[in-house]
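Q: Please examine the model shown below. The questions that follow ask why its features carry the labels they do.

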Amino acid sequence: MNATQRLWPWKLLLAVILVGMAASIYGSIKKIDYEWRWYRVPQYFVYQSEDPQKIPFDGIVSEIKTKGKATTITVTSEGGTVQKFVVDSGTEKVSHNEDLFEGDTLGYVATWNLGPLMDGLWTTLWLSAISSVLALFIGLATG
């Protein structure tokens, strides 16, 4: 009996194991019944957040001026100090002559932020660059 005749039972056993593994994975996937939600993926790269603009003192809204996509809210403090805040139009939560207290929300500003995958990419590239420089110096010193 030559070498190829002795290997066919092992090849058959390998085929049975691979088919069994594929069947068990397929069965597991069918039991889980998971549905991919691809519309959620882009937010892990970049997303738009609405950051609240809060007032840092007590005061009264003296003027609200809308110009395009920005609204300027002028607030006069109890001491007479005038301060202007800019929020996105349509998000303002105050009205003219309204009394405000420290921490009240004036409106929201939408900003684009990097998602966790982009933060991870930046961290990976930064660590790789630092590691490469350190490896170069250690390699030169030990070499």
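Q: What makes β2 and β3 a strand pair?
A: Two strands pair if DSSP finds at least two bridges between them, and β2 and β3 are joined in the antiparallel sense over 8 bridges; therefore the pair satisfies the definition. Strands here are DSSP runs of E with at least two residues, helices are runs of H or I with at least four, and both are numbered from the N terminus. In β3, K65 has T72 as its bridge partner. The hairpin of β2 and β3 has 2 residues between the strands, and G68 takes a positive phi near 70°.

Q: What is the origin of the model, and how are its residues and atoms treated?
A: This is a predicted model, in which local features need pLDDT of at least 70 and side-chain atom pairs count only at pLDDT 80 or more, while totals for chains, interfaces and linings use all residues. Residues are numbered from 1 along each chain as its sequence is written, and side-chain values use heavy atoms, with hydrogens and water left out.

Q: What confidence does the predictor give the protein chain?
A: On pLDDT, the predictor's confidence in each residue from 0 to 100, the protein chain averages 92, and 97% of the residues score at least 70. Among the elements, α1 has the lowest mean pLDDT (89) and α2 the highest (97).

Q: How do you know that β2 and β5 are paired?
A: The pair is joined by 2 bridges and runs antiparallel, so the requirement of at least two is met. In β5, L100 is the bridge partner of G59.

Q: What joins β3 to β4?
A: Strand β3 (residues 70–77) runs antiparallel to β4 and is joined to it by 7 bridges. A70 has D88 as its bridge partner in β4, and T76 stands opposite V82 in that strand. The two strands form a hairpin with 4 residues between them, where G80 in the turn has a positive phi of about 100°.

Q: In which order do the strands of the open sheet stand, and why are β4 and β5 at its edges?
A: The 4 strands stand in the order β4-β3-β2-β5 with antiparallel pairing. β4 (82–88) and β5 (99–100) each have a single partner strand, so one side of each is left without a neighbour in the sheet.

Q: Why do K65 and E63 count as a salt bridge?
A: A salt bridge is a side-chain nitrogen of Lys or Arg within 4 Å of a carboxyl oxygen of Asp or Glu. The side chains of K65 and E63 meet at 3.5 Å, N to O, so the pair qualifies. The structure holds 1 salt bridge.

Q: Why is E63 called partly exposed?
A: Buried means under 20% relative accessible area, exposed over 50%, and partly exposed in between, with a 1.4 Å probe and protein chains only. E63 has a relative accessible area of 32%, so E63 is partly exposed.

Q: How many aromatic pairs are there, and what makes W36 and W38 a stacked one?
A: Rings of Phe, Tyr and Trp (its six-membered ring) pair if their centres lie within 6.5 Å; planes under 30 degrees apart count as stacked, over 60 as edge-to-face and the rest as tilted. The count is 2 aromatic pairs. W36 and W38 are 5.2 Å apart centre to centre, with 20° between the planes, so the label is stacked. W36 is exposed at 58% relative accessible area, and W38 is exposed at 60%.

Q: Why is the pair of F57 and F85 called tilted?
A: Their centres are 6.4 Å apart and the planes differ by 40°, so the pair falls into the remaining class, tilted. The pair links distant parts of the chain, 28 residues apart: F57 is in the loop between β1 and β2 (59–67), and F85 is in strand β4.

Q: Are F57 and F85 buried or exposed?
A: F57 is buried at 17% relative accessibility, and F85 is buried at 9%.

Q: Why does L134 count as partly exposed, and where does it lie?
A: L134 lies in helix α2 (residues 116–142). At 48% relative accessibility, L134 counts as partly exposed. The C-alpha atoms of L134 and T71 are separated by 50 Å, at 63 residues apart along the chain.
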